[in-house]
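Hi everyone, thanks for coming. I'd like to take a few minutes to walk you through one structure, so please have a look at it with me.

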Amino acid sequence: MKLEQKIESQVKKTLKKIGLKKDSKILVALSGGKDSISLIYILKKFGYKLEGIYIDLKMGNYSQRCLDVSREICEELGIKFHVYDIEKELGESMLKIHKRIKRKNKLNSCAICGVYKKWIMNKEAKRMNVDYIATGHNLDDEAQTFFMNILKGAPKLSANTGIITKNPEGIKTGKFIPRIKPLFFVLEEDVRKYAKLKNLRFIEGKCPYSEISYRIELRNFLEKQPEEIKENIIKNFEKIYPRLEKMKDSRMKFCEICGEPSRNDICKKCQLMRIK
Ligand code: AMP
Ligand code: ZN
């Protein structure tokens, strides 16, 4: 099968499993990388109602370059494009946030970014009244996460991953927008080839501010493994997912400060905002 057909049929199958309806409104989270750029291209080709969002973390020239390609693809495809400017909205660039938090705390830069991005995505998706948020996570990303949780002795954490992140209580109250990963079963290398084949413009390489972490060491290890190994990890994930789902703690609180979904009384983002 040709690469184009292979990937598009993998995405179609995943969307079917998710149960996505044709008239659902999807907010695509664009990072400027090959994954999210290819994702928005494929979803548009399939005829979904889309909007795009780029979270501008204001990390120098890198953020600007990623913003430019994200805007470009939306303009080309005729998709409404939103930019969330962290400096304007929250009063600080991510570089400043990192500095402030790291004076007191040993948190990894990518972990800090991750907390803010999830918080922003959910809040903006609610404001825009969309049904889903779609991210560009691919099979390699997901194999990494599942494998990492096993090595950490916490496979239960993987109950929160998968093709769709649900939160029944949050969805009922309209406070949580489900996140979907249509590229879940697509190999990273295939996404790269697809983006090249379609002449899509994207920013190559990882974020220059990412720090070495256990996840990155694991990514470097998995990168050297044959494709079957990564596919096997995901097959194992699928096998045990029904059991993981039963172990999932689905109680959901809402942050006392910002009202966003949270596991604790105060959400992670508000906890990080409090560090002076
Ligand atoms: P990463 O965690 O950087 O590998 O990104 C995973 C996915 O999160 C990407 O494919 C995007 O869908 C989304 N994402 C990452 N960074 C941003 C950003 N700055 N703005 C919007 N979405 C993002
Ligand atoms: Zn909060």
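I'll talk about the ligand site, then the aromatic rings, and finally the cysteines.

Please keep in mind that this is a predicted model.

Let's begin with ligand 1. Which residues are around it? From the early part of the chain we have Ala29, Leu30, Ser31 and Ser36, followed by Ile53, Tyr54 and Ile55. Further along come Lys117, Met121, Thr135, Gly136 and His137. If you sort that shell by class, you get six nonpolar, five polar and one charged residues. In terms of secondary structure, β2, residues 49–56, and α6, residues 109–127, each give at least two residues to the shell. The largest share is from β2, with three residues.

Now for the polar contacts. A polar backbone atom of Ala29 sits 2.6 Å from an oxygen atom of ligand 1. Ile55 also uses its backbone: one of its N or O atoms is 2.9 Å from a nitrogen atom of the ligand. With Lys117 we turn to a side chain, where an N or O atom lies 3.2 Å from a nitrogen atom of ligand 1. And how much of the ligand does the protein cover? On its own, ligand 1 has 480 Å² of accessible area, and the protein covers 75% of that.

On to the rings. Searching the whole structure turns up six aromatic pairs. One of them is Phe146 with Phe237, an edge-to-face pair with 5.2 Å between centres and 70 degrees between planes. This pair connects distant parts of the chain, since Phe146 belongs to helix α7, residues 139–151, while Phe237 belongs to helix α11, residues 227–247, and the two are 91 residues apart. Both Phe146 and Phe237 are buried.

Why do we call Phe184 and Phe185 edge-to-face? Their planes are at 65 degrees, with the centres 4.9 Å apart, so the pair earns that label. Phe184 and Phe185 are buried too. Put the ring pairs together and you have a cluster that links Phe146, Phe184, Phe185, Phe237 and Tyr241.

Last, the cysteines. How many disulfides are there? The count is zero. Take Cys66: the nearest cysteine sulfur belongs to Cys207 and is 7.9 Å away, whereas a disulfide needs the two sulfurs within 2.5 Å. Is Cys66 buried or exposed? Cys66 is buried, because its relative accessible area is 2%, and the limit for buried is under 20%. Cys258, at 27%, counts as partly exposed.

Thanks, and I'm happy to chat about any of this!

Conventions. Residues are numbered from 1 along each chain as its sequence is written. Chains are lettered from A and ligands numbered from 1 in the order in which they are written. This is a predicted model: local features need pLDDT of at least 70, side-chain atom pairs count only at pLDDT 80 or more; totals for chains, interfaces and linings use all residues. Side-chain values use heavy atoms; hydrogens and water are left out. Buried means under 20% relative accessible area, exposed over 50%, partly exposed in between (1.4 Å probe, protein chains only). A residue is near a molecule or strand if one of its heavy atoms lies within 4 Å of it. A polar contact is a pair of N or O atoms within 3.5 Å; within protein, one must be able to donate a hydrogen and the other to accept it, and residues adjacent in sequence count only if both atoms are side-chain atoms. Accessible areas come from the Shrake-Rupley method with a 1.4 Å probe; for residues, only the protein chains shown count as cover. Helices (H or I, at least four residues) and strands (E, at least two) are DSSP runs, numbered from the N terminus. Ala, Val, Leu, Ile, Met, Phe, Trp, Tyr, Cys and Pro count as nonpolar, Asp, Glu, Lys and Arg as charged, and the others, Gly among them, as polar. Rings of Phe, Tyr and Trp (its six-membered ring) pair if their centres lie within 6.5 Å; planes under 30 degrees apart count as stacked, over 60 as edge-to-face and the rest as tilted.
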